[in-house]
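Visitor: I am new to this structure and would like a close look at a single part of it, the place where the two chains meet. Please take me through it slowly, and then show me how the surroundings are held together.

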Protein chains: 2
Amino acid sequence: MTELYIAIGAGVLALLVAAFLFRLVTNQPSGGHAVQEIGALIQEGAMAFLRREYTILAGFVVIIFIVLAVLIDFNVTGNSTIENLISDGNLSVTGPWTAIAYLAGAIGSALAGYIGMNIAVRGNTRTATAAETGLNPALRIAFNSGAVMGLTVVGIGIVGVTILWLIFGNPNVIAGFGFGASSIALFARVGGGIYTKAADVGADLVGKVEAGLPEDDPRNPAVIADNVGDNVGDVAGMGADLFESYAGSIIATIALAWTAANAVQDIEAPKIVLPMMLAGIGIFASIIGTSIVRTKDDATMGNLLWSLRFGIFGAGILALIGTGIYILMNDSLSFDLFWVILVGLVVGQVIGTATEYFTSYEFAPVKWIAQQSQTGHPSTIIAGIAIGLYSTVIPTIAIAAGIWIAYELAGLYGIGLAAVGMLSTLGITLATDAYGPVADNAGGIAEQAGLDPEVRERTDSLDALGNTTAATGKGFAIGSAVLTAMALMAAYGQVIDIDSFDLLQPKVLIGALVGALLPFLFAGLTMQAVGTAAGHMIEEVRRQFREIPGLREGAPGVRPDAARAVDISTRGSLKAMILPGLIAIAAPILVGLFVGAHALGGMLAGSIIAGFLLAIFMANAGGAWDNAKKYIELGNFGGKGSDPHAAAVTGDTVGDPFKDTSGPAINILLKLMAVVSLIFGPLFI
Amino acid sequence: MTELYIAIGAGVLALLVAAFLFRLVTNQPSGGHAVQEIGALIQEGAMAFLRREYTILAGFVVIIFIVLAVLIDFNVTGNSTIENLISDGNLSVTGPWTAIAYLAGAIGSALAGYIGMNIAVRGNTRTATAAETGLNPALRIAFNSGAVMGLTVVGIGIVGVTILWLIFGNPNVIAGFGFGASSIALFARVGGGIYTKAADVGADLVGKVEAGLPEDDPRNPAVIADNVGDNVGDVAGMGADLFESYAGSIIATIALAWTAANAVQDIEAPKIVLPMMLAGIGIFASIIGTSIVRTKDDATMGNLLWSLRFGIFGAGILALIGTGIYILMNDSLSFDLFWVILVGLVVGQVIGTATEYFTSYEFAPVKWIAQQSQTGHPSTIIAGIAIGLYSTVIPTIAIAAGIWIAYELAGLYGIGLAAVGMLSTLGITLATDAYGPVADNAGGIAEQAGLDPEVRERTDSLDALGNTTAATGKGFAIGSAVLTAMALMAAYGQVIDIDSFDLLQPKVLIGALVGALLPFLFAGLTMQAVGTAAGHMIEEVRRQFREIPGLREGAPGVRPDAARAVDISTRGSLKAMILPGLIAIAAPILVGLFVGAHALGGMLAGSIIAGFLLAIFMANAGGAWDNAKKYIELGNFGGKGSDPHAAAVTGDTVGDPFKDTSGPAINILLKLMAVVSLIFGPLFI
């Protein structure tokens, strides 16, 4: 029992530190009138989006709550296994327990998104203002804003899972928490992703390409929407995504320990406590790591990057030491489990490093894309797609090796534990991720408020650093999503008591085909949504330039109608998130009901395998295009304004929805389908 | 025995008809001096490529011959199962039988490619010349050229498989024939695909975009290479691809009938004879169908398309009737098998029709891409990728449904038989496919030889028709490849006597991950090869315009150095085909040896599932971009020379390697890996 309370304590501590950092950031000066005004516009737009999104989702959550209560908890069909578990003595009273866990997960995810957005839209103005003084204060504020997000996510995650476990002691019930987190995450990722890229593509195509305005120029009507998008997509979306990987991996590992053959079904069995304890230790390590991220005033980019890496690696090593000692002290845990956790952390780092190699302009692949841009737009696209496609090699081999080692050491349980290990220091890795959009926004605000160009230079170097950590973070998000989804799939197999998904059974093969289809369909729908919404945005921006006299010329006192652009992005993205979201939830249920439980297992495997590759392809192609453009902007192959630059901008614009909408949305699709199968599985037998 | 001789007779008849049509085409007038001169350049370039390609491949074939003889036939490791089969009394003498079958397959594939190219490079000038008289004679010549290819492929295929079966009566040995066909096909598809698209992209980017020359302008140094490319890629590559699907599906079905539990192991067992008999009946039907393709002189596009469809559908119905009667007359064959064959034909048609919907400008998807082109290059790319991604839905569901029905009716054998059914009328479907490049080339020759514009109009309408049938043919090629690969995978499982590839076994899961990786890697490598080779071509074309005085202006007597452009494409493509080819052969052997036979099963399934989706995505996105450009060129959204047109040209250029290099190469990858596993499988246990 002690360990579970330690885990909860770690979560509470994370929330307290987050609250402290929140105060620390908001107590900083929020800048002059112009900065505050722009900040307020971004804040309003972001909060308006969140309000409308959550209003839609509230209705959805209520429906799912009722479905879960009726089908699973009160077992109307007579197929649910929850009742059997009650008679095991774990639960003494019948009630809508899974539905309640679902609600808790949904609220937890929404809360984490809300808090993360709140700090991000406050941190941006303060970062811009601090950048007037120097690089170090600006880094501290941006990083602390990111840390609020990171610690909130892990805090709510571990507290939620552990308390539900203490109350219900039933993996099927707490899977509801994962389902709640997943379903909110899916909509947040898809909606936010479409929002941010519709605005970004619209702002770039008309503002930068047609009207020849610089990035973040205040005359561009879509700029505020673009800044809002950074928050709703990159902060809230990424946070929700990793919140659910975090909760999902812990839940899957508990379920695998509980339902395995010969398992000790005691809610405090060492193998069940371990993932929660590991998460708790990781939180302590993350808090320490966060506090050591600082840099000198005359720091170079290298120093900055080193400072962040020092924090991340430090936290990883602390987490490993802590877990190692815990396992050694616990006689009933094999030390092999330590190696499993190490494997998880190493695989995450390998994927992150490979991602960096393929998407950073320091290395050959991105330079090749930049070079190919000399022969025109199509060459840039062909080159980026080629790089993206074969950038899948190292991550796939790393994941495959990780699965193999983890399984040899600890069976299917090992796959879940490796995922928890990879995510154990999420508190700090997410902080380095969420810090990027804050720095990016700060730069936009500095530009629009007409601050000293030196300020923009400082925020630009913070932003460039953020791009590198964001690329690593994306690889991490995909890697952890795959391990989590596989662990959930294995748990599904155990819960429904099926011990093989045989590819020589045509139903399994059909399931796998349909499963592999879903990420493609999903990516297609989200790409189309971005294309359509960006089209509307482009028309609106063109209209404003045409109809508002003096806007393009920058006549004094003439401002664009930013609110209309924000509204277009908001409506377009909220409308477009519905269909993909419903498909993700309905597909496993339909396949399970009409083709059967074996086919559903095949479907999960097919979706994980194809989705992993498609997600990495899209994320890396997008990242590589982005940085090929930046490389040319540094003065290579003709620099800004040259023909190769125009080609590279095309690549970057195509890459935006690749890396920030479709690619990441696939992560959640995989996990959501797996957790839906785990919960509804017993109905399909 | 009679049936097998009927099958051989059908094959011989196909070859005789092909020879007759060859004479019929070559007896037509080959045009004036200018036409003959250009035709000769194309012919030289194409034959030079084939000679160099086959020289490289000859060395490769010798190596594989030795490997097969040593490891499989003479069983040096002691693991081969061929010896066991000898003791079954099927073979009385030890010899390099598999190696010989391999050699026969390789030679058969090379021969089919050689004959197909030979007629295509002769048919093109004659089609151009006939188009001076009218549409109907031009259609007849172009279609007859295609029919030579189609009938040669099925003739060599059925004669080769059936004779080897009569001699050896051993599915492991005749699998060697499939391996030979696959390995040549892979190199032909990859090499030809890189060749054609490097030339095409190079010709388009500099000639059309930079220098503002029209398509096929004789001043463009890359035009001859582009014309050669149509032959080496679209004729020889596509022919080799379908030759091996054809042979592979028959072999896999025989193997499934032979090795199934409780199988009657008699080389004339009804279920073994059926696929060969079905292929034979299909050949008779194809010959009849071919002879009814004709049209009136004042035919519209609709008439032309109807004429081709009439031939294809007619052949399909005849094949069904013939097979139905044969099955009814044969007491030991269940009539369910008739439904299986029908399912195969229907699934092929559904995939073809879906492909047409997503890639023809008659329908909404392509129109949407054209419309999106109004907002710039990136919008075109985003729209095409979105369409390509979700165009996978119908083909996936069709294949899944087909597998399910075929399996329910006839077990794993049904999956193989459905593939043979789909390909039974290949004689005519391939004819309508191979006819396209001939018409395309004829147009190019008409343009370069300065024939009457009316001639070009006629060849253009033949070409437009060819694009539609080619799109359908691509869907067909992918669909048949998937069914064939699945049947081969099932045969692999039976041969090594493994009855489950369980996705809950981490090795199978790892295998599936690595298998899914390979199509992505393969597509990445081939895209990169096209990008690199096109880059060299662009530099060369720019150099010629810079250094040859009067070339750009079209001064009389000034001609580009076409031979150098041809040489660049030839060298670039032959160099780039090696690595992907070796990966395809080495990967299953390495996984089988080091991870095991179960992992290899997972790998095959992973490659088939992910490869199918990736191939359809790439083929359809490419086809849709192509036709979006054509739609704009008809005068929509600004027409030729407008900004939307420039954006659409970018889409088309990106789409070229998508649809003609990477996408189709994946088909062969799947089949090749499956047949390699079937042959080497016994060594991995």
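Guide: What follows goes from the contact between the chains to the salt bridges, and then to a few buried residues. Please keep in mind that this is a predicted model.

Where chain A and chain B meet, 70 residues of chain A are in contact with 71 residues of chain B. The area buried between the two chains is about 6300 Å², and carbon and sulfur atoms give 83% of that area. Three residues, Leu504(A), Leu513(A) and Phe520(A), supply 12% of the area that chain A buries against chain B, which is more than any other three residues supply. As for polar links across this boundary, the count of salt bridges between chain A and chain B is zero, while eight residue pairs are in polar contact, both residues being at pLDDT 80 or more.

On the side of chain A that touches chain B, the elements giving two or more residues include α11 (364-372), α13 (393-423), α16 (506-547) and α19 (643-680) of chain A. The element that gives the most is α16(A), with 21 residues. Sorted by class, this side of chain A has 50 nonpolar, 16 polar and four charged residues.

Although no salt bridge is counted between chain A and chain B, a search of the whole structure finds 46 of them over all chains. One of these joins Lys659(A) to Asp626(A), with the closest N and O atoms 3.6 Å apart. Because Lys659(A) lies in helix α19 of chain A and Asp626(A) in helix α18 of chain A, the pair ties together parts that are 33 residues apart in sequence. Lys659(A) counts as buried because its relative accessibility is 8%, and Asp626(A) likewise counts as buried, at 10%.

In chain B, Lys671(B) forms a salt bridge with Glu244(B), whose closest N and O atoms are 3.6 Å apart. Since Lys671(B) belongs to helix α19 (residues 643-680) and Glu244(B) to helix α7 (residues 223-259) of chain B, this pair ties together parts that are 427 residues apart in sequence. Both Lys671(B) and Glu244(B) are buried. Back in chain A, salt bridges with shared partners join a set of residues into one network, among them Lys197(A), Asp200(A), Asp626(A) and Lys659(A). In chain B, Lys197(B) also forms a salt bridge with Asp200(B), the closest N and O atoms being 3.1 Å apart; these two lie in helix α6 (residues 171-210) of chain B, three residues apart, or about one turn of the helix.

Turning to helix α16 (residues 506-547) of chain B, one finds Gln544(B) there, and this residue counts as buried because its relative accessibility is 0%. The side chain of Gln544(B) is joined to that of Glu540(B) by a polar contact of 2.8 Å. Leaving aside residues up to four places away in sequence, Gln544(B) touches Pro221(B), Leu551(B), Pro560(B), Asp561(B) and Arg564(B).

Finally, the largest nonpolar core has 526 residues, and those with the most contacts inside it are Phe179(A) and Phe179(B). Among the residues that Phe179(B) touches, not counting those up to four places away in sequence, are Ile64(B), Tyr102(B), Leu672(B) and Phe680(B).

Conventions. Residues are numbered from 1 along each chain as its sequence is written. Chains are lettered from A and ligands numbered from 1 in the order in which they are written. Side-chain values use heavy atoms; hydrogens and water are left out. Helices (H or I, at least four residues) and strands (E, at least two) are DSSP runs, numbered from the N terminus. Buried means under 20% relative accessible area, exposed over 50%, partly exposed in between (1.4 Å probe, protein chains only). A polar contact is a pair of N or O atoms within 3.5 Å; within protein, one must be able to donate a hydrogen and the other to accept it, and residues adjacent in sequence count only if both atoms are side-chain atoms. Contact means heavy atoms within 4.5 Å. A nonpolar core is a set of buried Ala, Val, Leu, Ile, Met, Phe, Trp, Tyr and Cys residues joined through side-chain atoms within 4.5 Å. Buried area is the accessible area (1.4 Å probe) that two parts lose on being put together, summed over both. A salt bridge is a side-chain nitrogen of Lys or Arg within 4 Å of a carboxyl oxygen of Asp or Glu. Ala, Val, Leu, Ile, Met, Phe, Trp, Tyr, Cys and Pro count as nonpolar, Asp, Glu, Lys and Arg as charged, and the others, Gly among them, as polar.
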